[in-house]
Amino acid sequence: MSVNRYARPLDGQVRLLTKVARMYHERGVRQAEIAAALNISQAKVSRLLKRAEAAGIVRTIVTVAPGVHAELEERLEEKYALAEAVVVDVDPDADAAELLASIGAGAAAYLEATLSGGDRIGVSSWSQTVLAMVDRMRPSTVRAATEVVQLLGGVGAPEAQSHSNRILGELARMLGAEPVYVQAPGVVADPVIRDSLLADPSMQEVARHWRDLTMAIMGIGSIEPSNVLATSGNAFPPEERAVLLKDGAVGDICHRIFRADGSPVHGQIDDRIIAIPVEDLRRIPRRVGIAGGEGKRDAILGALRGGWVTTLVTDLRTAEHLAERD
């Protein structure tokens, strides 16, 4: 609070309003003590403080804490119709590992602050950024969600399997939630295998969970896979990535691929994916995308333009770039 001492002509009433306001807001005197000092009732002190605010004698000023980029977040929210943008401070000289850690820490803090306790959360299986978030979360003292469900097939090569398991298992443990695994790969050889797996009773049960989700936490991937995804056996081979790039693909969420304008890429590759259907994904009320870095900018932009996410957690430089894009 700040007191504007020049808001009105100096008359007796304005003088009293100003005096009461200064005693309360600048000197920290309690209302009861002000009443005793000025020989007026405490109820009148309360009324005078309200009148001082209405008259502009007292004005509320919000001081933004260091590291909080409220104006930039608001620009992103307005520009891309986001419910919320979370911009994380990252050292300009940070390497890829430090960038990942910072975004993960920012996402962890956001999640811990916003969970309701009754959320049913979907989570992507092979995202390095989501794993960085999970690794920086603190165990909740109360149940923070009811269930955590994989959004994409989580079965992969043995050397990479622990990545997928850690994301789901650790997140569920931190939140006191029940884990729901997708016991299938994210990509299979042909649509016949995909259809057969999706028809299995266990996958039908997973699909039921997908339709009931209230929140999704997802990495935003570029067409070039991360090291973890590449070794998991769930990445698209080079010849298929070339086809996708020729079709204008820039990124994916849970292996659902999209172009620069956000439109989904359909076709033979999409017919081999075991993941939440696009229509079910878009029905989830809160869809949090976590990504950053120069190499992800086109993918993040496509995800924003296509309305794939309702909340974005990213680094400061990426946020500034997105705010300036046409």
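User: How many salt bridges does the structure hold?
Analyst: The structure, which is a predicted model, holds 16 salt bridges.

User: What can make side chains pair like that?
Analyst: Side chains of opposite charge can pair when their charged atoms come close.

User: Let us take Arg173. Which side chain does it meet in a salt bridge?
Analyst: The side chain of Arg173 meets that of Glu170, with an N to O distance of 2.9 Å.

User: Where do Arg173 and Glu170 sit, and how many residues apart are they?
Analyst: Both belong to helix H7, which covers residues 158-175. Because they are 3 residues apart in this helix, about one helical turn separates them.

User: And is Glu170 buried or partly exposed?
Analyst: Glu170 is partly exposed, since its relative accessible area is 27%.

User: Now Glu224. What is its salt-bridge partner?
Analyst: Glu224 forms a salt bridge with Arg241, and the N to O distance is 3.7 Å. This pair links distant parts of the chain, as the two residues are 17 residues apart. Glu224 lies in the loop between strand S8 (221-222) and helix H10 (227-232), whereas Arg241 lies in helix H11.

User: Which residues make up helix H11?
Analyst: Helix H11 consists of residues 238-246, and Arg241 has its place there.

User: Is Glu224 buried or exposed?
Analyst: Glu224 is exposed, with a relative accessible area of 53%. Its partner Arg241 has a relative accessible area of 14% and is therefore buried, the cut-off being under 20%.

User: What is Arg241 in contact with, apart from its sequence neighbours?
Analyst: Once neighbours within four places in sequence are set aside, Arg241 is in contact with Ile223, Glu224, Pro225 and Phe236. Glu224 is thus both one of these contacts and the salt-bridge partner.

User: What about Asp270, which residue does it pair with?
Analyst: Asp270 forms a salt bridge with Arg256, and their closest N and O atoms are 3.0 Å apart. This pair also links distant parts of the chain, with the two positions 14 residues apart in numbering. Arg256 belongs to strand S10 (256-259), while Asp270 is in the loop between that strand and helix H12 (278-283).

User: Are those two buried or exposed?
Analyst: Asp270 and Arg256 are both buried.

User: Which residues are linked in a network of salt bridges?
Analyst: The network links Glu205, Arg208 and Asp212.

User: Changing topic: which residues form the negative surface patch?
Analyst: The patch is formed by Asp91, Asp93, Asp95 and Glu98.

User: Where does Asp95 lie?
Analyst: Asp95 lies in the loop between strand S3 (84-88) and helix H5 (96-114). Its relative accessible area is 44%, so Asp95 is partly exposed.

User: And Thr129, is it buried or exposed?
Analyst: Thr129 counts as buried because its relative accessibility is 6%. Thr129 is part of helix H6, residues 128-135. Not counting residues up to four places away in sequence, Thr129 touches Leu100, Ile103, Gly104, Ile290 and Ala291.

User: Last topic, helix H13. Which of its residues are buried?
Analyst: Helix H13 covers residues 297-305, and its buried residues are Ala299, Ile300, Leu301, Gly302, Ala303 and Leu304.

User: What do they pack against?
Analyst: The buried residues of H13 pack against two helices, H4 (70-80) and H14 (316-324). They also pack against the strands S8, S9 (249-253), S10 and S12 (311-315).

User: Which glycine follows H13?
Analyst: H13 is followed by Gly307, which has a positive phi, near 65 degrees.

Note on methods. Residues are numbered from 1 along each chain as its sequence is written. This is a predicted model: local features need pLDDT of at least 70, side-chain atom pairs count only at pLDDT 80 or more; totals for chains, interfaces and linings use all residues. Side-chain values use heavy atoms; hydrogens and water are left out. Helices (H or I, at least four residues) and strands (E, at least two) are DSSP runs, numbered from the N terminus. Contact means heavy atoms within 4.5 Å. Patches are made of residues with over 30% relative accessible area and no salt bridge: like charges are joined within 9 Å, nonpolar side chains (Val, Leu, Ile, Met, Phe, Trp, Tyr) within 5 Å. Accessible areas come from the Shrake-Rupley method with a 1.4 Å probe; for residues, only the protein chains shown count as cover. A salt bridge is a side-chain nitrogen of Lys or Arg within 4 Å of a carboxyl oxygen of Asp or Glu. Lys and Arg count as positive and Asp and Glu as negative; His and the chain ends are not counted. The place of a charge is taken as NZ of Lys, CZ of Arg, CG of Asp or CD of Glu. Buried means under 20% relative accessible area, exposed over 50%, partly exposed in between (1.4 Å probe, protein chains only).
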